[in-house]
Amino acid sequence: MSSLYFHIPFCKQACHYCDFHFSTVQKTYRPVMDAMLAEMDLQANFLADKKLTSVYFGGGTPSLLPDVDLGNFIEKAHRNFEVQADAEITLEANPDDLTADKLRFYKNIGINRLSIGTQSFFDDELELMNRSHHAQQAISAVKRAQDVGLENITIDLIFGMPKSTLAKWNENLKTAMALQVPHFSAYSLTIEPKTALHKMVENGQVILPTEEESLAQYRALCAAAKTNGFAHYELSNYGKPGFESRHNTSYWNGTPYLGIGPSAHSFNGEIRQWNVANNAAYAKNIGTKNTWFEKENIAEKDRFNEFVMTGLRTAKGISLQTIETRFGAQIADQLLADAQSKLECGKLALHKNTLTIPEEYWMLSDGIIADLFWVE
Ligand code: SF4
């Protein structure tokens, strides 16, 4: 089984916190679309198993795509691969793009999961982040999607925003829960270098909440998710039973995937590839059929570190038996020895031969996991 990812590298405007690859200039739009279709043909054999259990349109802003271009991608996915009848097909959308006509089109062409970038239900927070929508637009977009019969909806939320308080965050959670969506993702705001927000923080233009305040918001988030029947199945992801993201879960399981578009990554079990993060260079190089990506064979050590990193961010954790099978008994023993001090202080738990990080420590997971890495 495999997955397919499309990176749509265009946005209406630049959100102040975002460091994904995108452009607000549309002049390369047509060449990039043509190149992405061509890349699907050129890379069709990258995946040994052509059975797709998930297809994901991310970006960027896939909801900016005109119907005809989205339709072309879906059609070619069916032509080049075996998209399974029950495949999860997700499209990321900004609320201000979601008209009833567009939503009906999505449903008709087989999009069966919508990821709506709500982020906050306060206009002052949305404006501060330079989002292109207002809070009421987000609420209406979710309801419109539900009205056309798109039930598998996930929304995004950000906590630890400048100016946010626990009271405001609780209001955000209340609004999110009232929307009755079966899944949501909630991210702690991170200040990425080279973003507008990074400059604003450096200039003192915005003040971030303290670590304690962000932690209080995280705890409120976990409590609200539990009260409302969501399983916290991965660091940033919460789902009702049966609505966990299959696409993201396949990344965490090490399932092979092909990424199409500028900056997209691909992995086939042995090789990792990443496309050039430049729209013009991507479109130009696809035409020459050579250097639009770099690739590397993944070393055993990197494979182990990735397995530990992704696995320990999930509620399922990592099985020591699986570690032994994949990497050998010596590596499994070493991992257990490295985990010992964290097991003693409760930052790791060992149950039925499986290592997990307890939910209250997930916010500290980067540091905990780094201590378990295989280093030479
Ligand atoms: S819409 Fe999404 S990808 Fe585009 S700038 Fe905003 S956060 Fe980044």
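User: Which element gives the largest share of the lining of the largest cavity?

Analyst: Happy to start there, keeping in mind that this is a predicted model. The cavity has a volume of about 40 Å³ and is lined by Val-55, Phe-57, Ile-74, Ala-77, His-78, Val-83 and Ile-89. Two or more of these residues come from each of β2 (51-59), α2 and β3. The largest share, three residues, belongs to α2.

User: How many charged residues does the lining of the largest cavity have?

Analyst: Sorting the lining by class answers this one nicely. Six of its residues are nonpolar and one is polar. The number of charged residues is therefore, by the class counts and the rule that only Asp, Glu, Lys and Arg are charged, none.

User: Why do the buried residues of α3 line one face of the helix?

Analyst: Good one to look at down the axis. Helix α3 spans residues 100-108, and its buried residues are Lys-102, Leu-103, Phe-105 and Tyr-106. An α-helix has 3.6 residues a turn, so residues three or four places apart point the same way. In α3 the buried residues line one face because, seen down the axis, they fall within an arc of 160°.

User: Which exposed residues sit on the face of α3 turned away from its buried side?

Analyst: Let's take the buried side of α3 as the reference. Its buried residues pack against α2 (67-80), β3 (82-93), β4 (113-119) and α5 (135-147). The face turned away from that side carries the exposed residues Asp-101 and Asn-108.

User: Which residue with a positive phi follows α3?

Analyst: Here the backbone just needs to be followed past the end of the helix. α3 runs over residues 100-108. The residue with a positive phi, near 100°, that follows α3 is Gly-110.

User: Which elements give two or more residues to the lining of the second largest pocket?

Analyst: This pocket has a volume of about 350 Å³. Of the 15 residues that line it, the closest to its centre are Trp-252, Asn-253, Thr-314, Lys-316 and Gly-317. The elements that give two or more residues to the lining are α9 (246-253), α11 (300-311) and β13 (318-319).

User: How many charged residues are in the shell around the ligand?

Analyst: A friendly pointer is to go through the shell by name. Around the ligand are Cys-11, Gln-13, Cys-15, Tyr-17, Cys-18, Phe-22, Gly-60, Thr-61, Asn-94 and Arg-131. By class, this shell has five nonpolar residues, four polar ones and, as the charged count, one.

Notes: Residues are numbered from 1 along each chain as its sequence is written. This is a predicted model: local features need pLDDT of at least 70, side-chain atom pairs count only at pLDDT 80 or more; totals for chains, interfaces and linings use all residues. Side-chain values use heavy atoms; hydrogens and water are left out. Buried means under 20% relative accessible area, exposed over 50%, partly exposed in between (1.4 Å probe, protein chains only). Helices (H or I, at least four residues) and strands (E, at least two) are DSSP runs, numbered from the N terminus. The arc is that of the directions from the helix axis to the C-beta atoms. Contact means heavy atoms within 4.5 Å. A residue is near a molecule or strand if one of its heavy atoms lies within 4 Å of it. On a 1 Å grid over the protein atoms alone, a cavity is a set of points where a 1.4 Å probe fits but cannot get out, and a pocket is an open set with protein on both sides within 12 Å along at least five of seven lines; lining residues have an atom within 4 Å of a point. Grid points are joined across faces, edges and corners, and a volume is the space filled by probe spheres set on the points.
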